[in-house]
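Ready for a little practice at reading a model? Have a look at the chains below, then try the exercises.

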Amino acid sequence: MTIGMHAPILAIAVPLLGAFALPVLAKVHRSLRDLWAIAVGAFTCAMVITVAVQAFTSGIQVYTLGAASPTDTIASGGFPIRIMLVVDGMSAFMGLISALVGLASLIYAFHFLKEEQGKTLAMTLFFLLWAGMLGMEYTGDMFNFFVFLEVTSIAACALVGYRTWESRPAEAAFKTMAMYTVGGLLVLLAIGILYGEHGALNLAYLSSRIAGSQLDKIALGLLLGGLLMKAGAVPAHMWAPDAYGEAPAQAAIVLVANTQASLYGLWRVLFTLFAGALSAPAVGWLVTSLGVLTLLVAVLMAVIQTDLGRLIAYGAVSQIGYMLLGVGVGLTVLSSRPDFGLVAMQGGIFHMMNDAATIGLLFLAAGVVKRAVGTRDLRALGGLGHDLKWTGGFFFLGAMALAGIPPLNGFASKLLIYESSFRLSPILTAIAVLGSILLLAVFARAFQGAFLGPRLREAKPASLSMLIAMGVLAAVILAMGLVPDFFVEHLVTPAAEALWRGRDLYLAAVLGG
Amino acid sequence: MIGNFPFVVCMILIALGLWALLFRRNLIKLAIGITLIESGVNLFLVTLGYVRAGVAPIYTYAPPGAKMVLPTPQALTLTSIVIGLATTALMLAFAVVIYRHRGTLDARKIRELKG
Amino acid sequence: MRLVTGQGYWSPLVWLALAAGVALLAWAFWSRGQRTYKAGTEQDLPFLSGERAPEGAHVRAPHLYWGFAQALRPVMDWLKAFHSGFLGDYVTWTVILLAVALLVVVLT
């Protein structure tokens, strides 16, 4: 009974406890709340790293809730009935992304949030969202996935709109909540159909029973619709610029990681749950074409934006297109499994971590700009590079990384995507490269408009905790850019293999071979 | 003897809720539309558990050898109702805040975030 | 130190070494230019497109890529109308996405 065995459930339960205890401790004394936040954050990151190390070295981790021992998956009837957490390579990778983004957001929020503007509230919601994201990524049960999906929806929308003294966040939060609820209900309808047909909610058991009947296909269509909407694929992406643009900076980066967790849910459904029923490459072509459409439409909209936060938000939506493209290419060729399919999936999955770090850095820098000058309108900004030197440098680094300039991490993952999607169809590569070039134009415009030029006004420089948070993300970007092969071999390839070929291992770990 | 009628009712509820979301402008009506969709999905979940000639799944009251309706969908529906409560409360709270700032609940007029 | 893709490999350290070589070449060219400018003459004043601009002139962000946006005006106007900000339109497009996904999955 070591703590390592219980690490998956602790990684979800401790931030949940942290969220509920935080307001109580804040009433006692504010520094008690800060200490508690640091302790919970550090412990959660330690648990996530423990889970990841165990998953990458000793195979799939299974944790059954409520059984005599955590590995007792099958109950007395020969049928898994308890809720279980199943962590394979892909879940562990997504957990690492959530931990990195959560850590950066927590450090940033210490000096960014002001007491009279609801700091306790924002930190409580952040821990709730973090717990929900880790729950979505580690769970092995479909209804549990839905519950954590809704927990993250509620926490995310509350984070978007809690600043009720302005009118725009409330409008964004209403629209986002409506869209998230519709998506969640589509997922619940699909889970209901699957339960009614096969009588189980356990992911592995359902995966072994799904054979491709008409009802299964309807459930797959509903799941695709709901999860693609939550991931922000065009044409259902329009909530994303509102939500990311109006959320405060420390919440916007966690919202991006939340969207990636929904995208992880989509991969889990397509590669593990429905692997037995997807024989034709049609679904793969659907995902690939949506990816290409997303990256083009979002980056074209970003060129004409005047609000810095909304511009970066459209950039985030377009990067989701790259992830859809990469993994979609892998899904299209899944039946014959050529080598370039695995490379495409490595590119898409590596891009998830790159995007989380890079967009995170850009949003944090935009938050510093808002706090320094009071506005994010590009028509009024200029010359901030004189006072905000470090922030300008971080923004430049993030922009170069996102646009895919060597030797940074964006180039490594985009190269993998370009070279493998070329083997499927050269048109995909052409549009993807065009999207990258347009993204470089978008960020050159933003950088020039905000940071370059003569000094026009006084700007308050960033505080230490904000710089440390941005520094953490910048260090990750530089590390993944200069030694990409280390990260791809040890982190990304186990995750890609878990989806590409790992379904049998997943079923064996839960159902006992 | 009523066959698939409950499922048809569920689909009608969901369709009504979607129609309200697509074609109505008042923010409260949009929230009601979402509540209708939730009710339809909850009804669908409860209906899934029906076993013909089954009794309520209370272990101590059931006659020996009786068939019980499935209890799991009832638990799922309870969870879903609570989640629906939280989302509706949040949406209505934001509708109140929007009304306080803009003085209107017409979704076509509350469009600061566009383009 | 090499990331193996399907068709070859990418090595950021080799790239950095080559980039350093190119930067050295660029510095060699730059160091042979004129270092000074005459302060206090017209070389000091801000000019925008050949016109004398006031102090503190700054090419703001909406002016960049204006030509690109104007040339693609029909596409941009259609995209801006597409992102209307109205919740009913968001749900309409979600329903269309759902219908396309259902058709693709059920018919194949």
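Three exercises with worked solutions follow. This is a predicted model, in which local features need pLDDT of at least 70, side-chain atom pairs count only at pLDDT 80 or more, and totals for chains, interfaces and linings use all residues. Residues are numbered from 1 along each chain as its sequence is written, while chains are lettered from A and ligands numbered from 1 in the order in which they are written.

**Exercise 1.** Find where A:Arg337 sits, and decide: buried or exposed?

*Solution.* Start with the backbone: A:Arg337 lies in the loop between helix 12 (308-332) and helix 13 (339-373) of chain A; helices are DSSP runs of H or I, at least four residues, numbered from the N terminus. Next, A:Arg337 has 11 C-beta neighbours inside 10 Å, so A:Arg337 is exposed (12 or fewer other C-beta atoms within 10 Å, placed from the backbone; buried means 20 or more).

**Exercise 2.** Describe the side of chain A that touches chain C.

*Solution.* Count first: 55 residues come from chain A and 37 residues from chain C, a contact being C-beta atoms, placed from the backbone, within 7 Å. Then look for the main supplier: helix 8 of chain A gives the largest share of chain A's side, eight residues. Finally, sort that side by residue type: 38 are nonpolar, ten polar and seven charged (nonpolar: Ala, Val, Leu, Ile, Met, Phe, Trp, Tyr, Cys and Pro; charged: Asp, Glu, Lys and Arg; polar: the others, Gly among them).

**Exercise 3.** Work out the make-up of chain B.

*Solution.* Chain B has three helices and zero strands. Its C-alpha atoms fill a box of roughly 65 × 25 × 20 Å along the principal axes. Of its 115 residues, 32% count as buried.

Methods
Helices (H or I, at least four residues) and strands (E, at least two) are DSSP runs, numbered from the N terminus. Two residues are in contact if their C-beta atoms, placed from the backbone, lie within 7 Å.
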